[in-house]
Amino acid sequence: MNVRAAAANVLFQVVDKGQSLSHALPAAQKTIRPRDHALLQEICYGALRYLPRLESIANELMENPLKGKKRVFHHLILVGIYQLSFMRIPSHAAVAETVEGTKTLRGPSLRGLINAVLRNYLRNQEELDEIAVNHNAGKYGHPSWILKMLQEAYPEQWESLIEANNSKAPMWLRVNRQHHTRDEYIELLKDADIEHSVHSQAEDAIKLASPCDVTLLPGFEKGWVSVQDAAAQLSVDYLQPQEGELILDCCAAPGGKTAHILEHTNDTEVVAIDSDPMRLNRVHDNLERLRLKADVICGDARYPQEWWQGDQFDRILLDAPCSATGVIRRHPDIKWLRRADDIGALAQLQSEILDAMWQQLKPGGTLVYATCSITPQENSLQVKAFLERTQNATLIGSDTDNPGRQILPGKEDMDGFYYAVLTKHA
């Protein structure tokens, strides 16, 4: 398939059909040559980062919007505009390849229209770009409800958060200490001429100067290293798993944190539970590659009596379902798939899971509440409300007036993440 046509299909599936980019993109990659995978990803991610700006330009250039069966060609135009605006592809090649996409999409009659629109943009690019950023959505590339949330929650930092969200995410590695120390693996990267740096807190984390194919990483297929953001790696520091304990990773898929717990211990029983059977396949895949073992269970975290009849847990990592507003740079589709009223519904779900998991924790045990969100409602306010209604819970390592640690996107080049450590007394 023509790469631009594949990109238009992905945008159509995400923006019009509400499908996640993590589902639509791999499906599209199967239809093109492997050597074009990176180009397809760049176009799709970039177009979703700057969607309102591209839409504004397209609307200025077209008298009548493309609707119905022609909607995918609207997205093909966005693909063309994105290339001309943000990529180093020569303009004649970008236009020609985008117009060629009409064949794959079975719309040869629209060839002339798309060619005219893109060439018109080239002739009037400066003026059209200026119009596109005259409104907040076009200027910041975020829907109004996220802008409002960021401005209210982070009045001094919201613009830097917008910038972080619109940036390309780095590639962080997690060294499997069952095989190497971080310093030992760094020597392997040096031998492979892979430029990198380390994180100041996450002891297993290495950031690559440029993302690369995992097959180029020393020992990846042997389980020596995994790809995981440094902020997510901090979960093991807050959980502090010990030998001989029974530990639950709740809402565990795709299994990175489960594996990290096992990499830090040799005699620990880890139970990984998630409600999504498809995502649990990734947990199994990750554990198999890393040669690790956990008890993987499909179940609803709100109703542990349906899937667990064993002892209470020494430690629980609750990586709660959330808005994922802290990982927008990795998943730009979040901006267009999430809605403002999702936050309240998610906060209610988190509250129910938190209460249920607390009952599964031993007295004296530790529960780490985590999200990849940056909304206070899901994080500090959630934990504050839990502490107010739970007599036998104590917050560790932070102030009850502002509980937990909120990592903001871009901090030491990490994703946005939240952690709160709670202990249970009799």
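## Arg 33 and Asp 36

Arg 33 is partly exposed, with a relative accessible area of 47%. In this predicted model, its side chain meets that of Asp 36 in a salt bridge, at 3.0 Å from N to O. Asp 36 is buried, at a relative accessible area of 11%. The cut-off for buried is under 20% relative accessible area, and exposed means over 50%. Arg 33, at 47%, therefore falls in the partly exposed class. The bridge thus pairs a buried Asp 36 with a partly exposed Arg 33.

## Other salt bridges

The count of salt bridges comes to 23. One of them joins the side chains of Glu 42 and Lys 168, at 3.1 Å from N to O. This pair links distant parts of the chain, with the two positions 126 residues apart in sequence. Glu 42 sits in helix 3 (residues 37–49). Lys 168 sits in the loop between helix 11 (158–165) and strand 1 (171–175). Lys 168 is exposed, with a relative accessible area of 56%.

Arg 302 and Asp 300 form another salt bridge. Their closest N and O atoms are 2.8 Å apart. Both residues are partly exposed: Arg 302 has a relative accessible area of 29%, and Asp 300 has 23%. Elsewhere, salt bridges that share partners build one network. Its members are Lys 207, Asp 229, Arg 329, Arg 330, Asp 413 and Asp 415.

## Helix 4 and the negative patch

Helix 4 spans residues 51–61. Nine of its 11 residues are buried, so the helix is largely enclosed by the rest of the structure. The buried residues are Leu 51, Pro 52, Arg 53, Leu 54, Glu 55, Ser 56, Ile 57, Ala 58 and Leu 61. Charged side chains are among them, including Arg 53 and Glu 55.

Glu 60 also belongs to helix 4. Glu 60 is partly exposed, with a relative accessible area of 46%. A patch residue needs over 30% relative accessible area, and Glu 60 at 46% therefore passes that cut-off. Together with Glu 126, Glu 127 and Glu 130, Glu 60 forms a negative surface patch. The largest share of the patch comes from helix 8 (residues 125–132), which supplies three residues.

## Backbone exceptions

Most residues other than glycine have a negative phi, and most peptide bonds are trans. Which residues depart from that pattern here? Asp 193 has a positive phi, near 60°, and is not a glycine. Asp 193 lies in the loop between helix 12 (182–191) and strand 2 (196–198). Asp 193 counts as exposed, at 71% relative accessibility.

Cys 251 also has a positive phi, about 65°, although it is not a glycine. Cys 251 is buried, with a relative accessible area of 15%. Its place is the loop between strand 5 and helix 15. Pro 254 is found in the loop between strand 5 (246–250) and helix 15 (256–263). A cis peptide bond joins Ala 253 to Pro 254, with omega about 10°. This loop thus holds both Cys 251 with its positive phi and Pro 254 with its cis bond.

## Ala 347 in helix 18

Ala 347 lies in helix 18 (residues 342–359). Is Ala 347 buried or exposed? Ala 347 counts as buried, at 10% relative accessibility. Leaving aside neighbours within four places in sequence, Ala 347 is in contact with Gln 377 and Gln 382. Pro 363 is 16 residues from Ala 347 along the chain. The C-alpha atoms of Ala 347 and Pro 363 are separated by 26 Å.

## Thr 390

Thr 390 sits in the loop between helix 19 (380–389) and strand 10 (393–396). Thr 390 counts as buried, at 10% relative accessibility. Thr 390 and Asn 2 are 388 residues apart in sequence. In space, the two are 57 Å apart, C-alpha to C-alpha.

Methods
Residues numbered from 1 in each chain as written. Predicted model: local features only at pLDDT ≥ 70, side-chain atom pairs only at ≥ 80, totals over all residues. Heavy atoms only, no water. Patch = residues over 30% accessible without salt bridge, like charges linked within 9 Å, V, L, I, M, F, W, Y side chains within 5 Å. Areas by Shrake-Rupley, 256 points an atom, 1.4 Å probe, with all protein chains shown as cover. Salt bridge = Lys/Arg side-chain N within 4 Å of Asp/Glu carboxyl O. Lys, Arg positive; Asp, Glu negative; His and termini not counted. Charge placed at Lys NZ, Arg CZ, Asp CG, Glu CD. Helix = DSSP H or I, 4+ residues; strand = E, 2+ residues; numbered from the N terminus. Buried < 20%, exposed > 50% of the residue type's maximum accessible area, 1.4 Å probe, protein only. Contact = heavy atoms within 4.5 Å.
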